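This report describes selected local features of a single model. The sequence and the structure are shown below.

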Amino acid sequence: MGRGRERSASARPIFVFLSTHRLRFTLNGSPQSPEVRADRRLIDVLRVDLALTGTKEGCSIGVCGACSVLVDGELLSACLLPAVYVDGRAVTTVEGLANGETLSPLQDAFIRDGGFQCGICTPGQLIAATALLAEHPRPTDDQIREWMMGNLCRCTGYHGITRAIKTAAAA
Ligand code: FES
Ligand code: FES
């Protein structure tokens, strides 16, 4: 009897109030001002609200690097990041790497040096490598391997990615 009452009490729905926030940030240089609920992740705001689907979602737990973005130049995982975190900041996604029709040296090198096969990890690889070259313009093989270990790839075996980063660094 007592147990039955406990079960019905625990089955009651729990309502949680979540505030909404008007954010202001730049995305690849363009001002944005979406209104987002406090629990929205940055990757959902990017892909769903702002229709920039270049940033991919793989593991959703901060392990694979597919969702890598730059926030004020810092390499972060958009699947882990509350969107409210980017208020007042500058976000760069893979769509922001090219200059109009001109690919960045990294994008060009990934194509020429076989830096991808299926391409699903490539936006994250490019963003991570962009951050790497900003920090180490002439990275060693060890620096490349260590920096890029947070970006997983199931296809290329990583040699093409390393080769492309070295080509871009030398450009
Ligand atoms: S989807 Fe974010 S790290 Fe894998
Ligand atoms: S190119 Fe296919 S997972 Fe990296």
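Asn 28 is placed in the loop that lies between β2 and β3. The model is a predicted one, and in it Asn 28 has a relative accessibility of 26% and therefore counts as partly exposed. Beyond its neighbours within four places in sequence, Asn 28 is in contact with Leu 52, Val 91, Thr 92, Thr 93, Glu 95 and Gly 96. A further relation links Asn 28 to Leu 97: the two residues are 69 apart in sequence, yet their C-alpha atoms are 8.1 Å apart in space.

The strands on either side of this loop belong to an open sheet of five strands, ordered β3-β2-β7-β5-β6 and with mixed pairing. Its edge strands are β3 (30-32) and β6 (74-77), each of which pairs on one side only. From one strand to the next, the twist averages 35 degrees. Within the sheet, β5 pairs with strand β7 (residues 90-92) in the antiparallel sense, over two bridges. Val 71 has Val 91 of β7 as its bridge partner; Val 91 is also among the residues in contact with Asn 28.

Strand β5 (residues 68-71) contains Ser 68. Is Ser 68 buried or exposed? Its relative accessibility is 5%, so Ser 68 counts as buried, the cut-off for that class being under 20%. A polar atom of the Ser 68 side chain lies 2.7 Å from the backbone oxygen of Gly 65. With neighbours within four places in sequence left aside, the contacts of Ser 68 are Thr 55, Leu 75, Leu 76, Gly 124, Ile 127 and Asn 151.

The two residues treated above are set side by side here.

| Residue | Location | Relative accessibility | Class |
|---|---|---|---|
| Asn 28 | loop between β2 and β3 | 26% | partly exposed |
| Ser 68 | strand β5 | 5% | buried |

Two helices are described in relation to the strands. Helix α4 (residues 122-135) lies across β5, β6 and β7, and runs at about 40 degrees to β5. In helix α2 (residues 42-49), the buried residues are Leu 42, Ile 43, Val 45 and Leu 46. The elements that cover these buried residues include β2 (25-27), β4 (35-37) and β5. After α2 comes Ala 51, which has a positive phi, near 60 degrees.

Strand β5 thus recurs in the description: β5 pairs with β7, α4 lies across β5, and β5 is among the elements covering the buried residues of α2.

Note on methods: Residues are numbered from 1 along each chain as its sequence is written. Chains are lettered from A and ligands numbered from 1 in the order in which they are written. This is a predicted model: local features need pLDDT of at least 70, side-chain atom pairs count only at pLDDT 80 or more; totals for chains, interfaces and linings use all residues. Side-chain values use heavy atoms; hydrogens and water are left out. Helices (H or I, at least four residues) and strands (E, at least two) are DSSP runs, numbered from the N terminus. Buried means under 20% relative accessible area, exposed over 50%, partly exposed in between (1.4 Å probe, protein chains only). A polar contact is a pair of N or O atoms within 3.5 Å; within protein, one must be able to donate a hydrogen and the other to accept it, and residues adjacent in sequence count only if both atoms are side-chain atoms. Contact means heavy atoms within 4.5 Å. Two strands pair if DSSP finds at least two bridges between them. Axes are lines fitted to C-alpha atoms, for helices over the stretch in contact, and angles run from 0 to 180 degrees between N-to-C directions.
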